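Work through the exercises below with the sequence and the model open. Try each task before reading its solution.

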Amino acid sequence: MVDVVVKKSSIENLGLFAVRDFKKGEVVLRWDLSHELQKKDIIKLPEKEKKYVSFHEGKYILIQEPSRYINHSCDANTKAEHFCDIAVRDIKKGEEITADYTEEGDLLGKTVPCHCGSKHCKKDLRL
Ligand SMILES: [Zn+2]
């Protein structure tokens, strides 16, 4: 892991930060796909693991470290595409890597308040 580092975040506890500049469209992180789940397995996961399940391109993936530390932002600087996190704008060294979790759909049927601090904040997150 040379491109990103886990550090204390102002959004929530720990976050993932860029240790170099990324250009718009560049792959920031490739997902670890070693933990693909079936839908029926998700319900058996411990409660604290469930929030790390992502439904993406027809697969349920249990997100591994360090991707787990990516915080949500309503004004995210990455998007998920083909099991990678892609920069949607230029990201500067030292910036926190964020993703918009609401785009991954309504997996848990839960709504939690958002604290991302963006001026475009949607306030409620559907997970
Ligand atoms: Zn927000």
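## Exercise 1: Two cysteines and a metal

Cys74 has a relative accessible area of 12%, so it counts as buried, the cut-off being under 20%. The model is a predicted one.

Task: Find which atoms coordinate the zinc ion, and state what geometry they form.

Solution.
- Step 1. List the donors: the SG atoms of Cys74, Cys114, Cys116 and Cys121 coordinate the zinc ion, at 2.3 to 2.4 Å.
- Step 2. Read their order along the chain: the spacing is C-x39-C-x1-C-x4-C.
- Step 3. Place the pair Cys74 and Cys121: Cys74 lies in the loop between β7 (71–72) and β8 (78–81), and Cys121 in the loop between β11 and β12 (124–126), 47 residues apart. The pair thus links distant parts of the chain.
- Step 4. Check the burial of Cys121: its relative accessible area is 15%, so Cys121 is buried.
- Step 5. Check the angles: the four donor atoms subtend 106 to 111 degrees around the zinc ion, and therefore the arrangement is tetrahedral. The ideal angle for four tetrahedral donors is 109.5 degrees.

## Exercise 2: An aspartate in a loop

Task: Decide whether Asp100 is buried or exposed, and find which side chain it joins in a polar contact.

Solution.
- Step 1. Locate Asp100: it is in the loop between β10 (96–99) and β11 (111–113).
- Step 2. Compare with the cut-off: at a relative accessible area of 12%, which is under 20%, Asp100 is buried.
- Step 3. List the contacts: setting aside residues up to four places away in sequence, Asp100 touches His72, Ser73, Cys74, Ala76, Thr78 and Lys122. Among them is Cys74, one of the zinc donors.
- Step 4. Pick out the polar contact: the side chains of Asp100 and Lys122 are joined by one of 2.9 Å.

## Exercise 3: The largest nonpolar core

Task: State how many residues make up the largest nonpolar core, and which strands each supply at least two of them.

Solution.
- Step 1. Count the members: the core has 11 residues, including Val4, Leu16, Phe22, Ile70 and Ile97.
- Step 2. Assign strands: β2 (14–18), β3 (27–30) and β10 each supply at least two residues.
- Step 3. Look at one member: beyond its neighbours within four places in sequence, Ile97 contacts several residues, among them Val4, Leu16, Ala18, Val28, Ile70 and Ile91.
- Step 4. Note the second core: six residues lie apart from the first core, among them Leu37, Leu45, Tyr60 and Leu62.

## Exercise 4: A residue on strand β3

Task: Classify Arg30 as buried or exposed.

Solution.
- Step 1. Locate Arg30: it is in strand β3.
- Step 2. Apply the cut-off: Arg30 has 60% relative accessibility, which is over 50%, so it is exposed.
- Step 3. List the contacts: leaving out neighbours within four places in sequence, Arg30 contacts Phe83 and Cys84.

Note on methods:
Residues are numbered from 1 along each chain as its sequence is written. This is a predicted model: local features need pLDDT of at least 70, side-chain atom pairs count only at pLDDT 80 or more; totals for chains, interfaces and linings use all residues. Side-chain values use heavy atoms; hydrogens and water are left out. Helices (H or I, at least four residues) and strands (E, at least two) are DSSP runs, numbered from the N terminus. Buried means under 20% relative accessible area, exposed over 50%, partly exposed in between (1.4 Å probe, protein chains only). A polar contact is a pair of N or O atoms within 3.5 Å; within protein, one must be able to donate a hydrogen and the other to accept it, and residues adjacent in sequence count only if both atoms are side-chain atoms. Contact means heavy atoms within 4.5 Å. Donors are N, O and S atoms within 2.8 Å of the metal (3.2 Å for Na, K and Ca); water is not among the atoms, so sites may look incomplete. Four donors count as tetrahedral if all angles lie between 85 and 135 degrees; four count as square planar and six as octahedral if opposite donors are over 155 degrees apart and all others between 65 and 115; anything else is irregular. A nonpolar core is a set of buried Ala, Val, Leu, Ile, Met, Phe, Trp, Tyr and Cys residues joined through side-chain atoms within 4.5 Å.
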